[in-house]
Amino acid sequence: MKKILIADDEQNMLWAIKRALKGKEYKIITASDGLEALEKFKTHEPDLVLLDFKMPQMDGMNVLKEIKNINSKIPVIMITAHGTMESAIEAMKIGALDYISKPFDIDELKIQIKKALEIGDMKEQIDFFKEEIRNITGKPIIGDSSHMKRVMQIVERVSKTNATVLIMGESGTGKELIASAVHYSSDRSDKPYITVNCGALPENLIESELFGHDKGSFTGAVSKKLGRFERANKGSIFLDEIGELSLSVQVKLLRVLQEKEIERVGGTETIDVDVRIIAATNKDLKKMVEDGTFREDLYYRLNVIPIQLPALRERKEDIKLLVEYFLEKYCKEMGRDSMDISTEAINIFSNYSFKGNIRELENIIERLVILSEGTLIDKNDLPREILYESSKEFQFKLPSNGINLEKIEKSFILQALKICDHNQTKAAKLLGVTRHTLIYRMEKYNIN
């Protein structure tokens, strides 16, 4: 049974919410002021908090801050009156999951509560899974954004199967880390995990590297050599930059996927292999299929479970977490005292494009740890290229033939809703408008 803490100084409101939620599904705990709410939060450890802004002893905003300091994972829905929308947005920045305005429809509140509890459960499962991956691989997967939560959900589900996985994403987004997470959280975790960078191997050697060769099969083949597929037997093989494979090698790889067998270069013996294939690419394989540079049948064999990794610019809410992790990592490596970063510097990072993604961010933090004299990284410590990009103002050049402003506005609203998984509060924040303004414009453009 889920425990819900309701904190509101209006007794009628407490009674109404408690009565609406009464049943076998939830255990309700109530508090009529901020201090009582905080004490009951510590004592009862609820799964969800409904928190009013205006309360005696301690207001809702300060209670929210204390709750997030105690346990940042517990979802909090703020209860706000009309005219306090700015406070609601501020609460979202501190860590509130959502807000609801008085007077509210009780059915709407029930829906928000159900979604909030589901998000809380999902976050707990993902955090546990990420901790398991970190313990096994020694490498953490960092990110609480909706994009990364979706990725980790897929990884958790697919890891217990033998399905082929295709990881797609720009260079530097962490494809290798996700591939190792799939292997080391699978039933094959105690078996070999072989990685192959298909783009780094010369064309004349890649067949021999993947499938092995028999003695005398070509000049220099003085002895039999096991290929990477044989070495990965019973385990997994990670084929990075798979878009670099030639068509002739693609044919042989297709046979492995279809028949679960290989032949060494120069050999006649058929060798059975039980290998889970995890592939990755930063190329558009669909376009390569259209261009005739990648086999269509191989593409569909690989694309059983696709995992699309977001670019860093698409998960800006993770930048602060990543910066803090890399600061701690490189301070330890270099024997330096711990370092912090200013809010202004984080905001500049958040508006930077990071074409090299996480790899570029890591390199910048390593450089800052080496070169910074103090223990606080501020705006003036950041590289010139980041400061230059942040100083450029957003400009839109009006075409000479004009534009359709309503179409552009509708397009931006649809994009914001997609990025925020249709969470109206977050989409409104992204667009710089209030939730009510967003709802009005959604109705105007018939956006469901």
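A disulfide is a pair of cysteine sulfur atoms within 2.5 Å. This predicted model holds zero disulfides. The legends below take the structure one close-up at a time.

**Figure 1. Two buried cysteines in a model without disulfides.** The structure has zero disulfides. Cysteine 198 has a relative accessibility of 3%, so it counts as buried. Cysteine 331 has a relative accessible area of 4% and is buried as well. Buried here means under 20% relative accessible area. Cys331 appears again in Figure 5, in the contact between helix 13 and helix 15.

**Figure 2. The largest nonpolar core.** This core has 32 residues. Which of them touch the most other members? They are Phe229, Ile237, Leu239 and Ile277. Several elements each supply at least two residues of the core. The strands are strand 6 (165-168), strand 7 (193-197), strand 8 (236-240) and strand 11 (276-281). The helices are helix 8 (203-211), helix 10 (247-259), helix 11 (285-291) and helix 12 (296-302). Helix 10 gives the largest share, with five residues.

**Figure 3. Isoleucine 277 and its contacts.** Ile277 is among the core residues that touch the most other members. Neighbours within four places in sequence are left aside here. Isoleucine 277 is then in contact with Thr164, Val165, Phe229, Ile237 and Leu239, and also with Leu253, Val256, Leu257 and Leu302. Another core lies apart from the largest one. That other core has 26 residues, including Met339, Leu361, Ile365 and Leu382.

**Figure 4. Helix 6 against helix 7.** The axes of helix 6 and helix 7 come within 8 Å. They cross at roughly 35°. The crossing is right-handed. Helix 6 makes the contact through Val151, Met152, Val155, Val158 and Ser159. Helix 7 answers with Ile178, Ala181 and Val182.

**Figure 5. Helix 13 against helix 15.** Helix 13 covers residues 319-333. Its axis and that of helix 15 come within 9 Å and cross at roughly 45°. The two helices are therefore oblique to each other. Helix 13 passes helix 15 in a right-handed crossing. On the helix 13 side, the contact residues are Ile319, Leu322, Val323, Phe326, Leu327, Lys329, Tyr330 and Cys331. On the helix 15 side, they are Ile358, Leu361, Glu362, Ile365, Glu366 and Val369. Leu361 and Ile365 are also among the members of the core of 26 residues.

**Figure 6. Helix 17 against helix 19.** Helix 17 spans residues 405-419, and helix 19 spans residues 435-444. How are the two helices placed? They pack at an angle of about 120°, with their axes 11 Å apart. Helix 17 and helix 19 are therefore oblique to each other. Their crossing is left-handed. Glu406, Glu409, Ile413 and Leu417 of helix 17 meet Leu438, Arg441, Met442 and Lys444 of helix 19.

**Figure 7. Two partly exposed residues of helix 6.** Glutamine 153 is found in helix 6, residues 146-159. Its relative accessible area is 23%, so glutamine 153 is partly exposed. Beyond its neighbours within four places in sequence, glutamine 153 is in contact with Met122 and Ile126. Its C-alpha atom is 24 Å from that of isoleucine 77, which sits 76 residues away along the chain. Glutamate 156 is also found in helix 6. Glutamate 156 has a relative accessible area of 29% and is partly exposed. Its C-alpha atom and that of valine 182 are separated by 7.6 Å. These two residues are 26 residues apart along the chain.

**Figure 8. Arginine 188 in a loop.** Arginine 188 lies in the loop between helix 7 (175-184) and strand 7. Is arginine 188 buried or exposed? With a relative accessible area of 9%, arginine 188 is buried. Residues up to four places away in sequence are not counted in its contacts. Arginine 188 touches Asn162, His183, Lys234 and Gly235, as well as Ser236, Asp274, Val275 and Arg276.

**Figure 9. Two positive phi values outside glycine.** Glutamine 57 is not a glycine, yet has a positive phi of about 70°. Glutamine 57 is in the loop between strand 3 (48-52) and helix 3 (60-70). Its relative accessible area is 61%, so glutamine 57 is exposed. Asparagine 357 has a positive phi near 55°. Asparagine 357 lies in helix 15, residues 357-371. At 0% relative accessibility, asparagine 357 counts as buried.

Methods. Residues numbered from 1 in each chain as written. Predicted model: local features only at pLDDT ≥ 70, side-chain atom pairs only at ≥ 80, totals over all residues. Heavy atoms only, no water. Buried < 20%, exposed > 50% of the residue type's maximum accessible area, 1.4 Å probe, protein only. Core = buried A, V, L, I, M, F, W, Y, C linked by side-chain atoms within 4.5 Å. Helix = DSSP H or I, 4+ residues; strand = E, 2+ residues; numbered from the N terminus. Contact = heavy atoms within 4.5 Å. Axes fitted to C-alpha atoms, helices over the stretch in contact; angles between N-to-C directions. Parallel < 35°, antiparallel > 145°, perpendicular 65-115°, else oblique. Left-handed = near helix turned anticlockwise from the far one by under 90°.
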